[in-house]
Amino acid sequence: EETWEKLRIQAGVQDTFLTFEVYKDEITMQLIDKACKMLDIPPDMVLKQFGEFFFEFCKRSGYDHMLRTLGGNLYEFIENLDALHSYLSLSYQEMNAPSFRVEKNEDGSMHLHYYSDRRGLCHIVPGIIGAAALDFFNTEISMEIVNQTEEEERTGKKEHIVFLVTQKPVFSYKKRNKFSSSPQYIADSGRRIEKQLNKEIRDRTSLVSVCPAKKNHWETIRGIVTLGRGKLLRGFDPAYPTTLWIDTKTFCNGLPFHIVFDEELRVKQAGVSIQKIVPGLQTMGIRLDHYFSIVHPEVTFTISSVQKFINSQFVFRTRREMMPESWKQRPMLELRGQMIWMESLQCMLYLCSPLLRTLHELEERQMHIADIAPHDVTRDLILLNQQRLAEMELSNQLERKKEELRILSKHLEEEKKKTEALLYAMLPKHVANQLKEGKRVEAGEFKECTILFSDVVTFTNICAQCEPIQIVLMLNSMYLRFDRLTTVHDVYKVETIGDAYMVVGGVPVPVSTHAERVANFALGIIIAAKEVKNPVSGKPIQIRVGIHTGPVLAGVVGEKMPRYCLFGDTVNIASRMESHGVPSKIHLSPTAYYCLKDKSFEMTERGEIEVKGKGKMHTYFLIRNRTATENEIMGNPIKESDSDHESVQSFHESRIKMIQSSCQQGRVGPNEVVSGIPCSGQSRVKWERAFSLHQPRRRGSH
């Protein structure tokens, strides 16, 4: 299925093909071309494999019995393929089937002539014929092209391929048993025949002694045929009367659709019904090609062409220009039948019937069922085909409805996925699935998790000086970046209220690395916030981040707009860490610090601060992750050429941040040297200005 989907997309064709729809050969050729490139095999192999599959497909589609009864051997099977196509064309009117003609050779091989105006498909034939020969006649064949030309005898440009077909019987063990050619079987058969002959002689002797009545020769023949169980019929030699016991009038009435014409196509005799439909045929001696054209096989209307394709079914169509003026608006009549060459008379007999598919076509040509001879199965065929066409139309409608339902189902599945994605964005997946199933979601207790809060510095002032749409655009730009980072670090986004953003690690799925995940996420959003512009000043916005680790209770609240909420003092302390934080800094509670202490994070002590509602707390700042680069924190692909540069840059940035932090806490004086960097004179002024930007400010009304 995956290969077909890839092939279909490359060829640019639809996914589904309807049974009663006509498709162009360009689609087939595109599929073959792409299949050859994808599978790296030649086109003739693809077409041969397709031919073998098509034969199996026809058998599965209900044509198995029909195909088996075409002929008793491969020669007869091929010889009657055109008749099968002619029958199928009654139902599939737009079917453009090839034509076949087969010739036997003295060595037992055959020449198969293939005619088609659909170029490039001839290699399907060996696949179909080979599969049929093996399945129906237990024969392996080889087919090779011996000639390929444009057939001049045929009208229009037709591809004419001549295949040399050689057969090789395949005898399996079961087949050998079936034919029973063992010496023992032959001996037993001989004894049975001898026994039957003796019985026959005794019976005849007894009959003669009882009743000396003379037996006629037909009874003797019947006895012989019975004795041989019908085997002698294979050598049947027909008996012909010395005189034709039928008069001309009866012949023309009994076979109302027949024409006899000579080598010059002069009409010598015609049936009564065909004279009624084509009045010109009442004048004997007129040329047949003046009144008819050959539709199938597409050959020139000469006696030599007709003789060459004498085993084919011939379809004639009346010429409109030769019809009476009042009939020219009618559809032209088509005749279908066989040609028989009469050597003694040097004339051709065309035995035919009107080619009509439905009662509607019969009415259009001003004909009636009575015009067709009672023995002609065309009567039954018209009535049966009328019913079959109605069934086919119903089947076609059902198939189209089925395809519409398949497309709707596909679209419904896509919409379902969108809905589920939206639902999973609002609630944890396992919680959403429980709600979908109508189950109640029980609240769960998590003994340890890490919660993060963030908000925008001076957000109230920004709101006062901007249009509402500018605030929406700013928050959307920021939250899109934050949302991407929740996926990168696998943390759960709880909610956003205004400019406040809340995430948690270790909920709803408990993990031991919850603190590290949230810490990396915090470092990421500090970097991401620098990419969002303040609509008032045009400078990057600043955010405060607070993190705390502790136990929580989590569950779904409400039925309308249900939310997955966290409850507990851990949530309050995390919020206090954010509100008492410093712009562009990540403020850690003591428990969060101890969770990260032995990990690969660099942290600095802030000291003891007064926390509203909690009293004095010893807090910390998260500086960086020592083992992760900025690209890794942001979830960006890393180029090898940039890795060395980034590591050096991250080293310098971390050293500067450490110096700034130390100066803020009063550990390093303005004239001291920190990590080899003197802070005196002009440099000291610059550092002081830089440090002043990082001094804690009093929280505004927000």
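A nonpolar core is a set of buried Ala, Val, Leu, Ile, Met, Phe, Trp, Tyr and Cys residues joined through side-chain atoms within 4.5 Å. In this predicted model, the largest such core has 43 residues. Leu-452, Met-478, Ile-543, Val-545, Ile-547, Ile-586 and Leu-588 are the residues with the most contacts inside this core. The element that gives the most to the core is helix H19, residues 514–529, with 11 residues.

Ile-547 shows what the surroundings of one core residue are. Apart from neighbours within four places in sequence, Ile-547 is in contact with Thr-450, Ile-451 and Leu-452, with Val-518, Ala-519 and Ala-522, and with Met-577. Its other contacts of this kind are Ile-586, His-587, Leu-588, Ser-589 and Ala-592.

The chain as a whole comes next. Its secondary structure comes to 24 helices and 20 strands. The chain has 702 residues, of which 38% count as buried. Among contacts with a separation of 6 or more, 58% are between residues 24 or more positions apart. The chain exposes about 42100 Å², and carbon and sulfur atoms supply 54% of that area.

One stretch carries an annotation: an unreviewed UniProt entry lists residues 384–422 as "coiled-coil region". In the model, residues 384–422 are 100% helix and 0% strand, and the C-alpha atoms at the two ends are 56 Å apart.

On the surface, Phe-50, Phe-53, Phe-54 and Phe-57 form a nonpolar patch. Together these four residues have about 380 Å² of accessible area. Phe-50 lies in helix H3, residues 43–68. Phe-50 counts as partly exposed because its relative accessible area is 39%, between the cut-offs of 20% and 50%.

Conventions. Residues numbered from 1 in each chain as written. Predicted model: local features only at pLDDT ≥ 70, side-chain atom pairs only at ≥ 80, totals over all residues. Heavy atoms only, no water. Buried < 20%, exposed > 50% of the residue type's maximum accessible area, 1.4 Å probe, protein only. Helix = DSSP H or I, 4+ residues; strand = E, 2+ residues; numbered from the N terminus. Contact = heavy atoms within 4.5 Å. UniProt positions renumbered as here; feature names shortened; annotations may be inferred. Patch = residues over 30% accessible without salt bridge, like charges linked within 9 Å, V, L, I, M, F, W, Y side chains within 5 Å. Areas by Shrake-Rupley, 256 points an atom, 1.4 Å probe, with all protein chains shown as cover. Salt bridge = Lys/Arg side-chain N within 4 Å of Asp/Glu carboxyl O.
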